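I opened a fresh page for this model and kept notes as I went through it. The entries follow the order in which I looked things up.

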Amino acid sequence: MLMGSCDLSNIIPIVKKDNSSWKRIERTYQFHPLKDGRYQVSWILNNPGKINDIALCYPYGMAEIEKLVKETRGYLKKDIVGLSSENQSIIRLSNDYSDAGSKKAGIYIVARQHSGETPGSWVLEGILRYLAVSRVKNIIVWAIPLSNIDGVEKGCYGKDHFPHDLNRSWGNQPLRHETLVIQRDIARWQERCTPILGLDLHAPGGAEGDGIYFPFHNGQSPVIKKEKYWINVIGRAIGKEYVFSQYKKICKPVGNLKNLTGLMLDTYFRMCLKIPGLCLEIPYGISKGKVLTIEDYLEIGKRITYGIMEAIK
Ligand SMILES: [Zn+2]
């Protein structure tokens, strides 16, 4: 079940037909109330041809990661950092292992804690592709592209995933094996760089179409001041057509803040590691009237990388 499906005109499925690539359908739908209180929604396909598959948003899984690693010609390294609850490999991509004690700036990125939120993966691909094209060596970037790999492989949406939502499982006592594995990897990365930022990539409710936003935890601590700085840097870099005008969306941290368990990842970065941690919500279909394609997601990722590179010059 998808959350936040209120404005159905913002849901624009994609279709694969005649064995060509995925494409958005036209922005149209029909709403049919049924006599028993349920309702049915249909999308109209003009010239359907031979339909191979239909999805809410562009899929992203291991096949896309293999292609990405191959096309970056040795720039990105792919390693297994541990196993999921169901014994699947948790992959980490990195541009440089670096050395213990290195002073180079470091960024750690996680996508797909909610396994259906594929826009986060496409933006991550844009970030990594631009790093590779620019052959960046002064920033140590490590990324977990498919953190909830069990949900990804099964096709689950992955919000409130049994036994705990991955993004409510971080902290001094990790509540999921996945978060234990990734926290240990974050600790390795921390030793090998000067951490400047943790990024957590998500997609919002299914019908949200106002642009990218940063669920933000307000405060005056030095680490929150740094988060405000990075929200401004990244928000400006992404650009008006893709960013919600009020992108500093205030929300309260969840979890046990006294014992620092059951936390969201950005809170884990901020409160346990004292590293600025940002969550980005990237829409499934539309941003301020602009229909989003794979090229848009890659462009957003490129702009994020460019903005960060310029900021640390
Ligand atoms: Zn999410």
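**Entry 1: the largest pocket.** How many nonpolar, polar and charged residues does the lining of the largest pocket have? I noted before starting that this is a predicted model. I then sorted the lining by class and got ten nonpolar, six polar and six charged residues. For the volume of the largest pocket I wrote down about 310 Å³. The lining comprises 22 residues, and those closest to the pocket centre are His114, Lys159, Arg168, Tyr213 and Glu281. I also checked which elements give two or more residues to this lining, and they are β11 (212–216) and β13 (277–281).

**Entry 2: the largest cavity.** I searched next for enclosed space and found one cavity of 30 Å³ or more. The largest cavity holds about 60 Å³ of space. I listed its lining as Ile107, Ile109, Ile127, Leu131, Ile139, Val141, Leu199, Ile304, Thr305, Ile308 and Met309. By class, ten of the lining residues are nonpolar, one is polar and none is charged. Which elements each supply at least two residues of this lining? I found β8, α2, β9 and α7 (294–311). With four residues, α7 gives the most to the cavity lining.

**Entry 3: the nonpolar core.** I turned to the largest nonpolar core, which has 79 residues. Ile186 and Leu280 touch the most other members of this core. I followed up Ile186 and left out residues up to four places away in sequence. The contacts that remained for Ile186 were Tyr108, Trp170, Leu265, Tyr268, Phe269 and Leu273.

**Entry 4: cysteines.** How many disulfides does a search of the whole structure find? I got zero. Cys57 is in no disulfide, and its nearest cysteine sulfur, that of Cys279, is 16 Å away. Cys279 is in no disulfide either, with the sulfur of Cys251 nearest at 7.7 Å. I noted the cut-off here: a disulfide needs two cysteine sulfur atoms within 2.5 Å, so a pair farther apart than that does not count. I then asked whether these two cysteines are buried or exposed. Cys57 has 7% relative accessibility and so counts as buried. Cys279 is buried as well, with a relative accessible area of 3%.

**Entry 5: backbone.** I kept the general expectation in mind that most residues other than glycine have a negative phi, and that most peptide bonds are trans. I looked for departures from it and wrote down three.

- The peptide bond from Phe162 to Pro163 is cis, with omega near 0°. I placed Pro163 in the loop between α3 (149–154) and α4 (177–191).
- Arg112 is a residue other than glycine with a positive phi, near 65°. I found Arg112 in the loop between β8 (105–111) and α2 (118–133).
- Arg135 has a positive phi too, near 50°. I found Arg135 in the loop between α2 and β9 (139–144).

Are the two arginines buried, partly exposed or exposed? I have Arg112 as buried, at a relative accessible area of 3%. Arg135 is partly exposed, at 40%. Buried requires under 20% relative accessible area, so Arg112 falls inside that class and Arg135 does not.

Technical notes. Residues are numbered from 1 along each chain as its sequence is written. This is a predicted model: local features need pLDDT of at least 70, side-chain atom pairs count only at pLDDT 80 or more; totals for chains, interfaces and linings use all residues. Side-chain values use heavy atoms; hydrogens and water are left out. Buried means under 20% relative accessible area, exposed over 50%, partly exposed in between (1.4 Å probe, protein chains only). On a 1 Å grid over the protein atoms alone, a cavity is a set of points where a 1.4 Å probe fits but cannot get out, and a pocket is an open set with protein on both sides within 12 Å along at least five of seven lines; lining residues have an atom within 4 Å of a point. Grid points are joined across faces, edges and corners, and a volume is the space filled by probe spheres set on the points. Ala, Val, Leu, Ile, Met, Phe, Trp, Tyr, Cys and Pro count as nonpolar, Asp, Glu, Lys and Arg as charged, and the others, Gly among them, as polar. A nonpolar core is a set of buried Ala, Val, Leu, Ile, Met, Phe, Trp, Tyr and Cys residues joined through side-chain atoms within 4.5 Å. Contact means heavy atoms within 4.5 Å.
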